[in-house]
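Student: I would like a close look at the sheet in this model, with the terms spelled out as you go.

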Amino acid sequence: MKKITGVIRKSKLVKKELSDLGINFFFNSDLNCDCNIPESYTLKGMLFPTLEHVRCSFYVVVPDTLEYQTIQTILQTCYTKDFGDGMIFVSDINESYRIDDQQLGEQALDFNTI
């Protein structure tokens, strides 16, 4: 199993696209804050509107068979040809357990049986 973590533009959240792959359970959170965010900022001499760069993070655990499809879906959905589209991180998951019905391994990822 693989844990796929992404930091992407909030406007490009891939919930529907992952659902189309059969991945119906994932976690996401906003990475912005309510502090004094300017309307724009300059990075490497280029002016960027802040609202276009509000980020969210998400992670999903998928079977090894869905790893490539999941990554390609995220890459295609989040690509905008602009600087700062985001990052994807992949790590191995050795074991998983679902507490409520004691499912183990990849069976614990099947939330359609609840």
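Student: Before the sheet itself, how much area does the protein chain expose, and what share of it do carbon and sulfur atoms supply?

Tutor: The protein chain exposes about 7,900 Å², with 54% of that supplied by carbon and sulfur atoms; the areas come from the Shrake-Rupley method with a 1.4 Å probe. This is a predicted model, in which local features need pLDDT of at least 70 and side-chain atom pairs count only at pLDDT 80 or more, while totals for chains, interfaces and linings use all residues. Residues are numbered from 1 along each chain as its sequence is written, and side-chain values use heavy atoms, with hydrogens and water left out.

Along the sequence the pattern is β-α-β-β-β-β-α-β-β-β, where helices (H or I, at least four residues) and strands (E, at least two) are DSSP runs numbered from the N terminus. Four of the strands form an open, antiparallel sheet in the order 2-5-1-6, two strands counting as paired if DSSP finds at least two bridges between them. Its edges are strand 2 (27-30) and strand 6 (86-92), each of which pairs on one side only, and the twist from one strand to the next averages 15°.

At one of these edges, strand 2 is joined to strand 5 (residues 55-62) by four bridges, and Ser29 has Ser57 of strand 5 as its bridge partner. Helix 2 (residues 67-78) lies across strand 1 (2-9), strand 5 and strand 6, and runs at about 0° to strand 1; here axes are lines fitted to C-alpha atoms, for helices over the stretch in contact (heavy atoms within 4.5 Å), and angles run from 0 to 180 degrees between N-to-C directions.
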